Amino acid sequence: MTRVLVVDDDPVIADLVSFRLSRLGLDVSVETDGQAGLAAARQLRPDLVVLDWMMPRMNGLEMCAALRADPDEELARTPVLLLTAKAQEPDLERGFAAGATDYIVKPFSTRELATRVTAALPPGTVRA
């Protein structure tokens, strides 16, 4: 089963994302800060990470950069979808410079989320 790690300190957003991705047939795990998210990524080896930017202890950009720098090449290549309220062009540039694969601005539609997650994963891994 395809694994997705959702890292967001807002429980409402984390629950919404988890619920929507579970309906796509994905196995979803949730963490609430970047440090716990990075540890979970190393343990769970997800196929995709959905990552908030502004979180306590380690923010999403720091976690994304840490994933990209991980000595485990497979983990370092894990797609990362930033899900953030930071909507300015310099924010997008910083997100992609940190290694994000894609970027969604809050507030977001769950349809857009599902579309972008489906696009980030290999064909056939997401239930229609």
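The following dialogue examines how several structural assignments in this predicted model are justified.

Biologist: What makes β1 and β2 a pair of strands?

Modeller: Two strands pair when at least two bridges are found between them. Strand β1, residues 3-7, and β2 are joined in the parallel sense by five bridges, so the criterion of at least two is met. One of the positions concerned is V4, whose bridge partner in β2 is V28.

Biologist: How do you know that β3 pairs with β1 and with β4?

Modeller: The reasoning is the same in form. Four bridges join β1 to β3, and three join β3 to β4; both pairs run parallel. Within the first pair, L5 has V49 of β3 as its bridge partner. Within the second, V50 stands opposite L81 in β4.

Biologist: What is the order of the strands in the open sheet, and why are β2 and β5 said to stand at the edges?

Modeller: The sheet has five strands in the order β2-β1-β3-β4-β5, with parallel pairing. Strands β2 (27-31) and β5 (102-105) each have a single partner strand, so one side of each lacks a neighbour in the sheet. On average, neighbouring strands are turned by 20° against each other, direction ignored.

Biologist: Which helices lie against this sheet, and at what angles?

Modeller: Helix α3 (residues 60-68) packs on the sheet and touches β1, β3 (48-51) and β4 (80-84); its direction makes about 160° with that of β3. Helix α5 (residues 89-97) lies across β4 and β5 and runs at about 145° to β5.

Biologist: Why is the pair of D27 and R3 called a salt bridge?

Modeller: The limit is 4 Å between a side-chain nitrogen of Lys or Arg and a carboxyl oxygen of Asp or Glu. The closest N and O atoms of D27 and R3 are 3.8 Å apart, so the pair falls within 4 Å and qualifies. D27 belongs to strand β2 and R3 to strand β1, so the salt bridge ties together parts that are 24 residues apart in sequence.

Biologist: Why are D27 and R3 described as partly exposed?

Modeller: Buried means under 20% relative accessible area and exposed means over 50%, with partly exposed in between. D27 has 31% and R3 has 37%, so both values fall in the intermediate class.

Biologist: What makes R45 and D72 a link between separate parts of the chain?

Modeller: Their closest N and O atoms are 2.7 Å apart, and the two residues form a salt bridge. R45 lies in the loop between α2 (34-44) and β3, and D72 in the loop between α3 and α4 (73-76), so the pair ties together parts 27 residues apart in sequence. R45 is partly exposed at 33%, as is D72 at 28%.

Biologist: How many salt bridges does the whole structure hold, and which residues are joined into one network?

Modeller: The search finds nine. Another of them is formed by R116 and D102, at 2.7 Å from N to O. This pair links helix α6 (residues 110-120) with strand β5, the residues being 14 apart. Salt bridges that share partners join D8, D52 and K106 into one network.

Biologist: Why is A76 classed as buried?

Modeller: The relative accessible area of A76 is 12%, and the class requires under 20%, so A76 is buried. The residue lies in helix α4. Beyond its neighbours within four places in sequence, A76 is in contact with L67, R68 and D70.

Biologist: How do you know that both faces of β3 are covered?

Modeller: L48 and V50 on one side, and V49 and L51 on the other, are all buried. V49 also has contacts outside its neighbours within four places in sequence, including L5, V7, M63 and L67.

Biologist: Which residues have the most contacts inside the largest nonpolar core, and which element supplies its largest share?

Modeller: That core has 21 residues, and those with the most contacts inside it are L5, V7, V49, L51, M63 and L67. At least two residues come from each of β1, α2, β3, α3 and β4, and the largest share, five residues, comes from α3. A second, separate core of 19 residues includes V28, L81, L113 and L121.

Conventions
Residues numbered from 1 in each chain as written. Predicted model: local features only at pLDDT ≥ 70, side-chain atom pairs only at ≥ 80, totals over all residues. Heavy atoms only, no water. Axes fitted to C-alpha atoms, helices over the stretch in contact; angles between N-to-C directions. Contact = heavy atoms within 4.5 Å. Buried < 20%, exposed > 50% of the residue type's maximum accessible area, 1.4 Å probe, protein only. Core = buried A, V, L, I, M, F, W, Y, C linked by side-chain atoms within 4.5 Å.
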